[in-house]
Amino acid sequence: MSAPRFVPPLRWEPLPYLVLVALLLLTGLIRPESGGWLVALLVAITLTAAWGVVGFVRERRMRNPDPMGDLTTLDGIEIVDASPVAAAVRAVVPVVDVHRHQPAIDLARLHGGASQHAILVPRARRWLSPKYRVGVQLVGGDRPRHAGFLGEAPDRRWRDALDELRVSRGAFVRVPAVIEGSGRPYRVDLDLSGLGAIPGGADVPSADERS
């Protein structure tokens, strides 16, 4: 089964607030003498506000990973190591959006060194974005830190296999990572050569095979 690409509409954080704004705008069109229509509108506003509060509380419920795909700890999580495949020249994949996470990458490098590991988290996303992506969590040091996401091509190639592991086993894949640079801005490169050996990984065609 293919991994979902987008958050279910009813679970997208801004939706209740957008509906609430639309309902509040309607209050300027419905007069007090409208009777039943005004009552229905007030009930709808109340229910929508409650919907927003429930979503807010659910979003901040202690979960690991959280709704954005960020890990707070590795305790209780099954880790599958994708050991690098021996090759004369190591192929690496750059992490995208690292410019948004330089402080976290800096801390990961400080605590874990330039060469460490990263956990790949499917169904991760940016705040308020409805699109799922494969998140990259550096795990060198005292705790995981969000470094960015896989680019479009590796995301397309590996998301189904990674998502299947998360859904069926609650497992996440760990790959080698290197933080490039002696200071900000840092770059993060991943060695994904071992992903073909994970369950379902060998069956996933490459981007070239898809074209």
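A salt bridge here is a side-chain nitrogen of Lys or Arg within 4 Å of a carboxyl oxygen of Asp or Glu. By that yardstick, Asp97, Arg100 and Arg133 are linked in a network of salt bridges. The model is a predicted one, so local features need pLDDT of at least 70 and side-chain atom pairs count only at pLDDT 80 or more, while totals for chains, interfaces and linings use all residues. Residues are numbered from 1 along each chain as its sequence is written, and side-chain values use heavy atoms, with hydrogens and water left out.

On to the overall layout. The protein chain has five helices and seven strands, taken as DSSP runs numbered from the N terminus (helices H or I, at least four residues; strands E, at least two). Read from the N terminus, the order is α-α-β-β-α-β-β-β-α-β-β-α. Of the 211 residues, 37% are buried, where buried means under 20% relative accessible area, exposed over 50%, and partly exposed in between (1.4 Å probe, protein chains only). Among contacts (heavy atoms within 4.5 Å) with a separation of 6 or more, 69% involve residues 24 or more positions apart.

Back to the charged pairs. The whole structure holds eleven salt bridges. One of them joins Asp81 and Arg174, with the closest N and O atoms 2.6 Å apart. Asp81 sits in strand S1 (residues 78-81) and Arg174 in strand S6 (residues 171-180), so this pair ties together parts that are 93 residues apart in sequence. Asp81 is partly exposed at 43% relative accessibility, and Arg174 is partly exposed too, at 24%.

Within the network, Arg133 and Asp97 meet at 3.1 Å, N to O. Arg133 belongs to strand S4 (residues 133-138), whereas Asp97 lies in the loop between strand S2 (93-94) and helix H3 (102-112), so the bridge ties together parts that are 36 residues apart in sequence. Both Arg133 and Asp97 are buried. Arg133 has another partner: its charged end sits over the ring of Phe149, 4.2 Å from the ring centre. That label calls for NZ of Lys or CZ of Arg within 6 Å of the ring centre and within 35 degrees of the ring normal.

A local pair turns up in helix H4 (residues 152-169), where Arg156 and Glu152 are four residues apart, about one turn of the helix. Their side chains form a salt bridge at 3.9 Å, N to O. Arg156 is partly exposed at 29% relative accessible area, and Glu152 is partly exposed at 42%.
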